[in-house]
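Visitor: I am new to protein structures and would like a tour of this one. Could we go through it step by step?

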Amino acid sequence: MPEFPTVNFAGDDEGLFSNSEIQRLMKAECQRATRYRYAVTAMMIGVDRLEQLGDLYGVESKDTILAEVGALLRRSTRESDFLGRMVGSRFFAIFPHTSRRDGPALAARLLRDASQLLFDEGSARVNVTISVGLSFRDAGEVSD
């Protein structure tokens, strides 16, 4: 009997898929979107200046910031969306049934919500910002 790759749908402790899991899910979701002709949006989210913040406030601050951004992403997305942690300070999300028209509004909401995250690091209050990149595949588009 052939063996099929498995995906841990529970995700990790943060409730996010690993780098390899999110890549497999992205490929499967794009194939499904092509077959059933529905829109899909992919989003890369990066935490700005994370290395510098870690140098200033310690490694623990990086972990705290990444955990808070991950929690923000989970709160701001649907159960049917796929959220993953990439290497370093990046996250990746796949939004099935989200069109080119709806993706920028979703990104704007995430940017707004992230701008409200404040971290107390000793005597300093740190604002953390994120950068977002979007890629779209509208319903019925055909890929090469």
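Guide: Gladly! One definition to begin with: the expected span of a helix is 1.5 Å times one less than its number of residues. Keep in mind, too, that this is a predicted model.

Visitor: Let's use that definition, then. How far apart are the end C-alpha atoms of helix 4, and what span should its residues give?

Guide: Helix 4 covers residues 103-114, which makes 12 residues. At 1.5 Å a residue, it should span 16 Å. The model agrees with this, because the end C-alpha atoms of helix 4 are 17 Å apart.

Visitor: Where do the buried residues of helix 4 lie around its axis?

Guide: The buried residues here are G103, L106, A107, L110, D113 and A114. Looking down the axis of helix 4, you find them within an arc of 130 degrees, so they line one face of the helix.

Visitor: What do the buried residues of helix 4 pack against?

Guide: Helix 4 packs on the sheet, where it touches strand 1, strand 3 and strand 6. Its direction makes about 165 degrees with that of strand 6. For the buried residues of helix 4, the packing partners are strand 1 (40-47), helix 3 (59-76), strand 3 (90-96) and strand 6 (130-137).

Visitor: Let's step back to the whole chain. What pattern does the protein chain follow along the sequence?

Guide: The protein chain has 4 helices and 6 strands. Of its 144 residues, 42% are buried. Written with α for a helix and β for a strand, the pattern along the sequence is α-β-α-α-β-β-α-β-β-β.

Visitor: In what order do the strands of the open sheet stand?

Guide: The open sheet has 4 strands, and their pairing is antiparallel. Strand 2 and strand 6 each have a single partner strand, so they stand at the edges, with one side of each left without a neighbour in the sheet. Neighbouring strands are turned by 15 degrees against each other on average, direction ignored. The order is 2-3-1-6.

Visitor: How many bridges join strand 1 to strand 3?

Guide: These two strands run antiparallel. You can pick out some facing residues in the picture: M43 stands opposite A93 in strand 3, and I45 stands opposite F91. The number of bridges joining strand 1 to strand 3 is 7.

Visitor: Which residue in the turn between strand 2 and strand 3 has a positive phi?

Guide: Strand 2 (residues 82-85) pairs with strand 3 in the antiparallel sense, over 4 bridges. One of the facing pairs is G84 with its bridge partner F92. The two strands form a hairpin with 4 residues between them, and the turn residue with a positive phi, about 75 degrees, is G88.

Visitor: Is strand 3 largely enclosed or largely open?

Guide: Being buried means having under 20% relative accessible area. In strand 3, 6 of the 7 residues are buried, so the rest of the structure leaves this strand largely enclosed.

Visitor: And R101, is that residue buried or exposed?

Guide: R101 is found in the loop between strand 3 and helix 4. A residue counts as exposed when its relative accessible area is over 50%. The relative accessible area of R101 is 67%, so R101 is exposed.

Visitor: Which residues does helix 2 carry on the face turned away from its buried side?

Guide: The buried residues of helix 2 (residues 50-57) are L50, L53 and G54. They cover an arc of only 100 degrees around the axis, which puts them on the same side of helix 2. These buried residues pack against strand 1, helix 3 and strand 5 (124-127). The face turned away from them carries the exposed residues D55 and L56.

Visitor: Which element supplies the largest share of the largest nonpolar core?

Guide: The largest nonpolar core has 24 residues, and those with the most contacts inside it are M43, V47, I65, V69 and F91. Strand 1, helix 2, helix 3, strand 3 and helix 4 each supply at least two residues of this core. The largest share, 5 residues, comes from helix 3.

Visitor: Leaving aside its neighbours within four places in sequence, which residues is V69 in contact with?

Guide: V69 is among the residues with the most contacts inside the largest core. With neighbours within four places in sequence left aside, the residues in contact with V69 are V47, F91, L117 and I130.

Notes: Residues numbered from 1 in each chain as written. Predicted model: local features only at pLDDT ≥ 70, side-chain atom pairs only at ≥ 80, totals over all residues. Heavy atoms only, no water. Buried < 20%, exposed > 50% of the residue type's maximum accessible area, 1.4 Å probe, protein only. Arc of directions from axis to C-beta. Contact = heavy atoms within 4.5 Å. Pairing = 2+ DSSP bridges. Core = buried A, V, L, I, M, F, W, Y, C linked by side-chain atoms within 4.5 Å. Axes fitted to C-alpha atoms, helices over the stretch in contact; angles between N-to-C directions.
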